[in-house]
Amino acid sequence: MKYFYSVLILSLFSVAQAEEARVGEITPEQQQSVKTRVESLNSTAFSFGPAWAQDTNNSNMYYAFHLGRNFEASTNAEIRLGLDAAFAGEGSGNWWSGSLGAAYLFSTSDISPLIGAEVGYGYAHIKDASDARGFAVGGFAGVRFFRTSTTQMSLEGFIQSILDESDPTLSGVRVGILF
């Protein structure tokens with residue numbers, strides 16, 4: 001599972017690179033030019049939905065919440081800063097994580113599929129065992145709807161793992177709004 005996240009993250013960053021000059025292929029004209037930068041579209045994101053945790057001694061549904069900031073750095077790529085929380089519907093258990101990630105949006109139209117990866121720090125309270133904490137990795141895929149300059153809607157499937165001795169994992173589906 002850890003190798004899957006590494007490959008996903010590396011693939012994302014290589015796909016998200018624009019058609020720019022490459023190292024060793026820079027012309028004298030490019031050395032003298034200044035690139036014009038555009039202002040990114042910044043949004044606050046809130047989403048929620050059902051999730052399930054593995055290796056937490058609780059197989060019941062969790063209630064997952066996400067709060068974040070998304071920065072669309074180009075028409076097809078965004079940078080994410082997020083806080084995630086999930087609480088067991090029955091029994092004990094909760095999940096907390098903070099992450100930095102990137103996503104690739106496949107289209108510039110009003111509806112666009114997306115795929116992304118994130119890294120950060122996570123904590124999971126595990127029923128009747130030692131709590132997990134440490135480096136966290138995750139991935140997500142979904143669709144953005146109604147992409148306007150001020151508001152968007154999202155539907156995403158996600159997975160997060162805390163790289164600890166027990167390697168707990170949280171996965172689920174969230175519906176959200178970016179405003």
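**Cavity, salt bridges and core**

User: Which residues line the largest cavity?
Analyst: In this predicted model, the lining is made up of Ala45, Phe46, Ser47, His66, Asn70, Arg80, Ser154, Glu156, Arg174, Gly176, Ile177 and Leu178. About 80 Å³ of space lies in that cavity.

User: What makes those residues "lining" residues?
Analyst: Each has an atom within 4 Å of a cavity point, and that is how Ala45, His66 and Leu178, among others, get onto the list.

User: Which strand gives the most to the lining of the largest cavity?
Analyst: That's β8, with four residues. At least two residues come from each of β1, β2, β7 and β8 (169–178). As for how many cavities there are, the count is two at 30 Å³ or more.

User: Why is the contact between Glu156 and Arg80 called a salt bridge?
Analyst: The rule asks for a side-chain nitrogen of Lys or Arg within 4 Å of a carboxyl oxygen of Asp or Glu. Here the N to O distance is 2.6 Å, so the pair passes the 4 Å cut-off. Glu156 sits in strand β7 and Arg80 in strand β3, 76 residues apart, so to speak distant parts of the chain linked by one pair. Both partners are buried, and both also line the largest cavity.

User: What makes Arg144 and Glu78 a salt bridge?
Analyst: Their closest N and O atoms are 2.8 Å apart, which is within 4 Å, so the label holds. This pair links strand β6, home of Arg144, to strand β3, home of Glu78, across 66 residues. Both residues are buried. Together, Glu78, Arg80, Arg144 and Glu156 are linked in a network of salt bridges.

User: How do you know that Glu72 is buried, and what does Glu72 pair with?
Analyst: Buried means under 20% relative accessible area. Glu72 comes in at 11%, so Glu72 qualifies. Its salt-bridge partner is Arg147, with the closest N and O atoms 3.1 Å apart. Glu72 is in strand β2 while Arg147 is in the loop between β6 and β7, so the pair ties together parts 75 residues apart in sequence. Arg147 has a relative accessible area of 14%, so Arg147 is buried too. The count of salt bridges comes to five.

User: Is Asn58 buried or exposed, and how do you know?
Analyst: Buried: the relative accessible area is 6%, so Asn58 falls under the 20% cut-off. Asn58 is in the loop between β1 and β2.

User: What does the side chain of Asn58 reach?
Analyst: The backbone oxygen of Glu90, at 2.9 Å. A polar atom of the Asn58 side chain also lies 2.9 Å from the backbone nitrogen of Asn60. Both distances fit within the 3.5 Å limit, so these are polar contacts. Leaving out residues up to four places away in sequence, Asn58 touches Ala53, Ala88, Glu90, Gly91 and Ser92.

User: Which residues in the largest nonpolar core touch the most other members?
Analyst: Ala51, Tyr62, Ala86, Trp95, Phe158, Ile162 and Leu170, out of 18 residues. The elements giving two or more residues to this core are β1, β2, β3, β4, β5, β6 and β7. Beyond four places in sequence, the contacts of Ile162 include Trp95, Tyr123, Phe135 and Pro168.

Technical notes. Residues are numbered from 1 along each chain as its sequence is written. This is a predicted model: local features need pLDDT of at least 70, side-chain atom pairs count only at pLDDT 80 or more; totals for chains, interfaces and linings use all residues. Side-chain values use heavy atoms; hydrogens and water are left out. A nonpolar core is a set of buried Ala, Val, Leu, Ile, Met, Phe, Trp, Tyr and Cys residues joined through side-chain atoms within 4.5 Å. Buried means under 20% relative accessible area, exposed over 50%, partly exposed in between (1.4 Å probe, protein chains only). Contact means heavy atoms within 4.5 Å. A polar contact is a pair of N or O atoms within 3.5 Å; within protein, one must be able to donate a hydrogen and the other to accept it, and residues adjacent in sequence count only if both atoms are side-chain atoms. On a 1 Å grid over the protein atoms alone, a cavity is a set of points where a 1.4 Å probe fits but cannot get out, and a pocket is an open set with protein on both sides within 12 Å along at least five of seven lines; lining residues have an atom within 4 Å of a point. Grid points are joined across faces, edges and corners, and a volume is the space filled by probe spheres set on the points.
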